Amino acid sequence: MEVEKINFQAIHNQVKYIQGIFDKSGIEIKKHSFLYKLLSKTLKNYGASNTPFEIFDALYVNRIYSALLNLEDCHNIKSYLKDLMRSTLDFMEVSQSHSKNILFELEVTGKLRKIFEKTYLAEPDIVVPFEDGNVGIACKKIISESNFEKQLSIGVNQIKDNDFIFGIVAINIDNLLPEKTILNANTFSEALEILHNQNMDFINKYSHKFKKYLTENRIISVLIVSSTIADIKNENPRFNNISQSTIWTIQGLEEEHKNKVNQFKLLDDNAT
């Protein structure tokens, strides 16, 4: 569970940080890219008084900034930065976007580092090291329910042929929210409960698919993630980035895996 309460005075500094990490890496932010246009717009228009659309741009900047913090110790940073310019980072647009896929990997890395400090970016997408071996995590962002099974299969294949203790597939379902809308709620708790229920509905609908693809491939969990902008009527500021993670695990785990999986369950405040 994450609520990103923004210090709005910091937004310009976050734009400068994003520009700076590209500059230090010797990567030019291409003027035709969504990222360049977003940063330029925000620097020009964002101030003490803003329209909702300017606030949404600021929230986009904050989300990208938070994700990029996870690249500071990455040896392959240039590749990630280039990928973030390849396509749109418009989170309200339902579309296939390599850049949003990469951003999701960085966001999951950030979530994991709060529990596993030594988490790093590597094949299949993310690796969590333990003393007796590594856990591999493949990240998939689906654009529709019809696209889900294909992405799950790809994620499983990324993991199964590698020498991991076990694997997890992280699936982002932001695109299953209505396009070009934000979540409305009275409180943060209500908003997070809405996202959790959406995650659980997805898990309950597709648990048979998880069992089919995971059981025979040493992949024992699926992490479902929903993130969006929320208008929280009884909070200040009203507009915030929120994210909810929910984990599904196969039954009958080997004893050696249970302790590790229980640590991953800390990603999910609703896990039992």
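Tyr36 sits in helix H2, and that makes it a handy place to start looking around this predicted model. With a relative accessibility of 30%, Tyr36 counts as partly exposed, because that label covers everything between under 20% (buried) and over 50% (exposed). Setting aside residues up to four places away in sequence, Tyr36 touches Ile29, Lys30 and Lys31. There is also a long-range partner to look at: Met85 is 49 residues from Tyr36 along the chain, yet the C-alpha atoms of the two are separated by 8.3 Å.

One of those partners, Lys30, belongs to the loop between H1 and H2. Lys30 is partly exposed too, at 39% relative accessibility. Once residues up to four places away in sequence are left out, Lys30 touches Tyr36 and Met85. Arg86 is another residue to check from here: Lys30 and Arg86 are 56 residues apart in sequence, but 9.4 Å apart in space from C-alpha to C-alpha.

Now for the two helices on either side of that loop. Packed helices in general are described by the angle between their axes and the distance between the axes. Here, H1 (residues 11–24) and H2 (residues 34–45) pack at an angle of about 145°, and their axes are 10 Å apart. The crossing of H1 and H2 is left-handed. On the H1 side, the contact is made by Ile11, His12, Val15, Lys16, Ile18, Gln19 and Phe22, while H2 brings in Leu35, Leu39, Thr42 and Leu43. Sorted by character, the residues of this contact come out as seven nonpolar, three polar and one charged.

Stepping back, the whole protein has eight helices and eight strands. Its radius of gyration is 18 Å, close to the 19 Å that the globule rule gives for 272 residues, so the protein is as compact as a globular protein of that length. Measured out along the principal axes, the C-alpha atoms fill a box of roughly 55 × 45 × 35 Å. Of the 272 residues, 55% count as buried. The accessible surface comes to about 13,000 Å², and 47% of that belongs to carbon and sulfur atoms. As for how the chain meets itself, take the contacts between residues at least 6 apart in sequence: 68% of them join residues at least 24 apart.

A few single residues are worth a visit, starting with Ser97. Ser97 lies in the loop between helix H4 (77–83) and helix H5 (98–113). Its relative accessible area is 1%, so Ser97 is buried, the cut-off being under 20%. Apart from neighbours within four places in sequence, Ser97 is in contact with Ser87 and Thr88. From Ser97 to Lys141 the sequence gap is 44 residues, and the C-alpha to C-alpha distance is 9.0 Å.

Lys209 is found in helix H7 (residues 188–214). This lysine has a relative accessible area of 19%, so Lys209 falls under the 20% limit and is buried. Leaving out neighbours within four places in sequence, Lys209 is in contact with Phe148, Glu149 and Leu152.

Ile220, in strand E7, is buried as well, at 6% relative accessibility. Its contacts, again not counting neighbours within four places in sequence, are Phe166, Gly167, Leu214, Trp248, Thr249, Ile250, Leu253, His257 and Val261. Asn184 is another story: Ile220 and Asn184 are 36 residues apart in sequence and 34 Å apart in space, C-alpha to C-alpha.

Finally, the backbone has some details to point out. The peptide bond from Glu123 to Pro124 is cis, with omega near 10°, and Pro124 is placed in the loop between strand E2 (120–121) and strand E3 (126–130). Asn236 and Pro237 are also joined by a cis peptide bond, where omega is about 5°. Pro237 lies in the loop between strand E7 (219–232) and strand E8 (239–249). Then there is Lys180, which has a positive phi of about 60° although it is not a glycine. Lys180 is found in the loop between strand E5 (166–172) and strand E6 (183–185).

Key: Residues numbered from 1 in each chain as written. Predicted model: local features only at pLDDT ≥ 70, side-chain atom pairs only at ≥ 80, totals over all residues. Heavy atoms only, no water. Axes fitted to C-alpha atoms, helices over the stretch in contact; angles between N-to-C directions. Helix = DSSP H or I, 4+ residues; strand = E, 2+ residues; numbered from the N terminus. Left-handed = near helix turned anticlockwise from the far one by under 90°. Contact = heavy atoms within 4.5 Å. Nonpolar A, V, L, I, M, F, W, Y, C, P; charged D, E, K, R; others polar. Rg over C-alpha atoms; globule rule 2.2 N^0.38 Å. Buried < 20%, exposed > 50% of the residue type's maximum accessible area, 1.4 Å probe, protein only. Areas by Shrake-Rupley, 256 points an atom, 1.4 Å probe, with all protein chains shown as cover.
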